[in-house]
Amino acid sequence: MHEFSVANHLLELCLKNARENSATTISRVTIKIGKLSGVEPHFLQNAFDVLKDKTIAQAAVLDIIHQDVVIHCIDCVKDFTLKENEFSCPECSGVNINVIDGEEMFLMTMELG
Ligand SMILES: [Zn+2]
């Protein structure tokens, strides 16, 4: 399952950060998941909860921000948040657009103990 490898990667990143900061526990992890990343927050949450067991992150709360897709229309020179995964400008229907948010997964913040 895709979410398990993502959760595993996320957990390793958290543990590495914690080690570098000499932390003994991780209490909270906040991440942002773009809707285009293909990661389902619900599955990622479950996978993280399974994997974090018996690590210093076992009590960590995972907060997931599900980021909408944000595009910039080059013709309108405006940014739009897309409600659907349709890749055209809501205003001019043009496809001369750049995706500026909602593609990736980011670790935002961690609270260490
Ligand atoms: Zn436009």
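**Notebook: sheets and helices**

I began with the strands and found an open sheet of three, ordered E2-E1-E6, in which the pairing is mixed. I note at the outset that this is a predicted model, and I read every entry below with that in mind.

At the edges of this sheet I found E2 and strand E6, the latter covering 105-112, and because each has a single partner strand, one side of each is left without a neighbour in the sheet. I then looked up the twist of this sheet, which averages 15° from one strand to the next.

Next I asked myself how many bridges join strand E1 to strand E2. I counted seven between E1 (residues 26-34) and E2 (residues 61-67), and the two strands run parallel. Along this pair I wrote down two positions: Thr30 stands opposite Asp63 in E2, and Ile33 stands opposite His66 in E2.

I followed the chain elements that go with this pair, and noted that E1, H2 and E2 together make a β-α-β unit, which is right-handed. In the model H2 lies across E1 and E2, and runs at about 160° to E2. The other helix I looked up here, H1, lies across E1 and E6, and its direction is at about 40° to E6.

I then turned to the two helices themselves, and asked at what angle helix H1 and helix H2 pack. For H1 (residues 2-20) and H2 (residues 41-51) I have an angle of about 55°, with the axes 8 Å apart. Since angles from 65 to 115 degrees count as roughly perpendicular and those under 35 as roughly parallel, this value makes H1 oblique to H2. I also recorded that the crossing of H1 and H2 is right-handed.

For the contact itself I listed the residues on both sides: Glu3, Phe4, Val6, Ala7, Asn8, Leu10 and Leu11 in H1 meet Phe43, Leu44, Ala47, Phe48 and Leu51 in H2. Sorted by character, the residues of this contact of H1 with H2 divide into ten nonpolar, one polar and one charged.

Last, I went to the other sheet on my list, which is open, has three strands in the order E4-E3-E5, and shows antiparallel pairing. Its edge strands are E4 (78-82) and E5 (97-101), each of which pairs on one side only. From one strand to the next, the twist here averages 35°.

I closed with the pair formed by strand E3 (residues 69-73) and E5, which run antiparallel and are joined by four bridges. Within my notes on this sheet I kept one position, where His72 stands opposite Asn98 in E5.

Key
Residues numbered from 1 in each chain as written. Predicted model: local features only at pLDDT ≥ 70, side-chain atom pairs only at ≥ 80, totals over all residues. Axes fitted to C-alpha atoms, helices over the stretch in contact; angles between N-to-C directions. Parallel < 35°, antiparallel > 145°, perpendicular 65-115°, else oblique. Left-handed = near helix turned anticlockwise from the far one by under 90°. Contact = placed C-beta atoms within 7 Å. Nonpolar A, V, L, I, M, F, W, Y, C, P; charged D, E, K, R; others polar. Pairing = 2+ DSSP bridges. Right-handed = clockwise from strand over helix to strand, strands pointing away.
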